[in-house]
Amino acid sequence: MPEPYRIGDFKNKMGKRIIIFDTTLRDGEQAPGASLNAFEKVEVAKQLVCLGVDVIEAGFPISSPGDFASVNQIAKNIKGAVICALARSLNKDIEAAANALKPAKRKRIHVFLATSKIHMQYKLKKAEDEILKIAESAVKYARKFCDDVEFSPEDASRTEPDFLCRVIEKVIKAGATTVNIPDTVGYAQTSEFGALIRSICNRVPNINQAVVSVHCHNDLGVAVANSLSAIKNGAGQIECTVNGIGERAGNAAVEEIVMNLMTRKDFFDHMYTGINPKEIYKTSRLVSSLTGFAIAPNKSIVGGNAFRHESGIHQDGVLKKRQTYEIISPDDVGFYGQGLVMGKHSGRHAFSDRLKQLGFKLTIAQVEKAFVRFKILADKKKEVFDDDLSAIVEEQIGGFPEGWVLTELEFKGGTHINPQAKVKLQKQKQIFEAESYGDGPIDSCFKAIEKIIKIKSKLLEYSISAVTSGKDALGGVSLKLEIKKQHIQGRGASTDIIEASAKAYLNAVNRVLLKTKVIANRNGEV
Ligand code: KIV
Ligand code: ZN
């Protein structure tokens, strides 16, 4: 049996290079409740470049003004990857994608059109010949704006294979440089999907003029297996997302694809990617924190238990030779445990250095703000871990400096006491104060906040998790509010869970205010 993968092998490029197309910011963000604002998307995109993805699908510009703005911001600010935008096979969609992508140095337009019988008949109400014509002219139109055009026959895995091959041949002739085969509803079985890719590679006469890509959904839990089977059968690009987030049950997880290729390079004929595995854990954490999607402890590669050995027999084996029960070393994917780093005597310099090592690129003002938060935390908590520091910084990402800030909080409660909270909030140097009773300390606190900000909201989701371990761990609260018919995510962290909840609530409110301001500015309003 070959020795497990070692980190140095990252540079050992013997086989075929597989292109990693990351769609966390498009398909991933389509996951119900995962919406990110433009600032957060730019942060994720920066980290995706550090991770080493080749293509970043930044959004679907025609779908909303917010999506257009995010793609445009990413196109402006992110170098080091191809920036891609999605479009239906309609001229107005393609124009929106081209406009949003204008500032990008390297860009791609991704057009799609459904080709399965069920989609053509019920959704599009079009016959095969019409579909062929629309696909061809959409690709030709996209090529007027961009040399790099990808075409996806949506629901390809349920498309009649002869027709699928005709569509692919046609769009390549029209100028598509990548043809992506989506398993849109996650229906395909692994060997069947591999065979489909193999037959496309064998049957489509001009297939060597384009890269064959796959895009697998996880409805039956086989998205990663199907993607890997596709690679074995000739695919050159994989579309995937961080932590596997995406529409319904999600997409193939980038970290799982990459670590399969690295760990089993013997099986995968030494194929490799441009991914730096040391950035995997940090990327996973950032996406989880910004989307509010917790990672299951048993999730492969990045779950909290992925490198924990509980059974005595396993622990004994690992102590004798690590590879007895460990096929990947945690530090290979950038997981270094909780990493005790600092206490209340640590200085500004050490703090700022540590943030840099953790991969945060902050301005002096942002470091200063985070340092104040760190000092307060270090006073309450003897040991401050890397994950605590990340939580402090992540709380600031996408924030709105002109928004509401919690300055004081007091609450009473108990088995025989009617819960009551008193809050003080600051907005642009003005202080506001209110008190309220409620069904519990968190409810009374939210009601007191509502009295001040005068914005009605409904709490749709609420979850709390410990950022690190121990009695004094930071509690991370993630919640979803409905405000003015919009569903907005908020997050907050504190050693006090009521305070973390209040911060998460204000974070959501501020995100709505920020969104309103961005849209108003774009419309020329103040
Ligand atoms: O799942 C799908 O078919 C898609 C396409 C737009 C590629 O997301
Ligand atoms: Zn998809």
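A residue is taken as buried when its relative accessible area is under 20%. By that cut-off S501 in this predicted model is buried, because its relative accessible area is 0%. The residue sits in helix α16, which spans residues 497–522. Setting aside residues up to four places away in sequence, S501 touches I442, F446, Y462, V477 and L479.

A good place to turn next is the surroundings of ligand 1. The shell around this ligand is made up of R26, D27, H110, F112, S152, E154, N180, P182, T184, H215 and H217. By class, these residues divide into two nonpolar, six polar and three charged. Three strands, β4 (107–114), β5 (149–154) and β6 (178–183), each contribute at least two residues to the shell. Several side chains come within polar reach of the ligand's oxygen atoms. For R26, a side-chain N or O atom is 2.9 Å from an oxygen of ligand 1. The corresponding distance for the side chain of H217 is 3.0 Å, and a polar side-chain atom of D27 lies 3.1 Å from a ligand oxygen. On its own, ligand 1 has 260 Å² of accessible area, of which the protein covers 94%.

Two of these residues, D27 and H217, reappear at the zinc ion, ligand 2, where the protein donors are D27 through OD, H215 through NE2 and H217 through NE2, at 2.0 to 2.1 Å from the ion. Along the chain, the donor residues follow the spacing D-x187-H-x1-H. D27 belongs to the loop between β1 (19–22) and α1 (38–51), while H215 is part of strand β7 (residues 211–216), so this pair ties together parts that are 188 residues apart in sequence. Are these two donors buried or exposed? D27 counts as buried because its relative accessibility is 2%, and H215 likewise counts as buried, at 5%.

R26, one of the residues around ligand 1, also meets F60. F60 lies in the loop between β2 (55–59) and α2 (65–77) and, with a relative accessibility of 17%, counts as buried. Beyond its neighbours within four places in sequence, F60 is in contact with R26, D67, V71, L86, A87, R88, D93 and F112. F112, too, is among the residues around ligand 1. Between F60 and S70, which are ten residues apart along the chain, the C-alpha separation is 9.4 Å.

Helix α8 (residues 223–232) offers a view of a mostly covered element, with eight of its ten residues buried. These buried residues are A223, V224, N226, S227, L228, S229, A230 and I231. What do they pack against? Their partners are β6, α7 (190–203), β7, β8 (237–240) and α9 (254–263). Strand β6 is also one of the contributors to the shell around ligand 1, and β7 is the strand that holds H215. Just after α8, G234 adopts a positive phi of about 120 degrees.

Finally, S300 makes a friendly counterpoint to the buried sites. This residue is found in the loop between α10 (280–291) and α11 (312–320), and its relative accessibility of 38% is why S300 counts as partly exposed. From S300 to G492 the C-alpha distance is 26 Å, with the two residues 192 apart in sequence.

Definitions and conventions. Residues numbered from 1 in each chain as written. Chains lettered and ligands numbered in written order. Predicted model: local features only at pLDDT ≥ 70, side-chain atom pairs only at ≥ 80, totals over all residues. Heavy atoms only, no water. Near = heavy atom within 4 Å. Polar contact = N/O pair within 3.5 Å; in protein donor to acceptor, adjacent residues only side chain to side chain. Areas by Shrake-Rupley, 256 points an atom, 1.4 Å probe, with all protein chains shown as cover. Helix = DSSP H or I, 4+ residues; strand = E, 2+ residues; numbered from the N terminus. Nonpolar A, V, L, I, M, F, W, Y, C, P; charged D, E, K, R; others polar. Donors = N, O, S within 2.8 Å, 3.2 Å for Na, K, Ca; no water. Buried < 20%, exposed > 50% of the residue type's maximum accessible area, 1.4 Å probe, protein only. Contact = heavy atoms within 4.5 Å.
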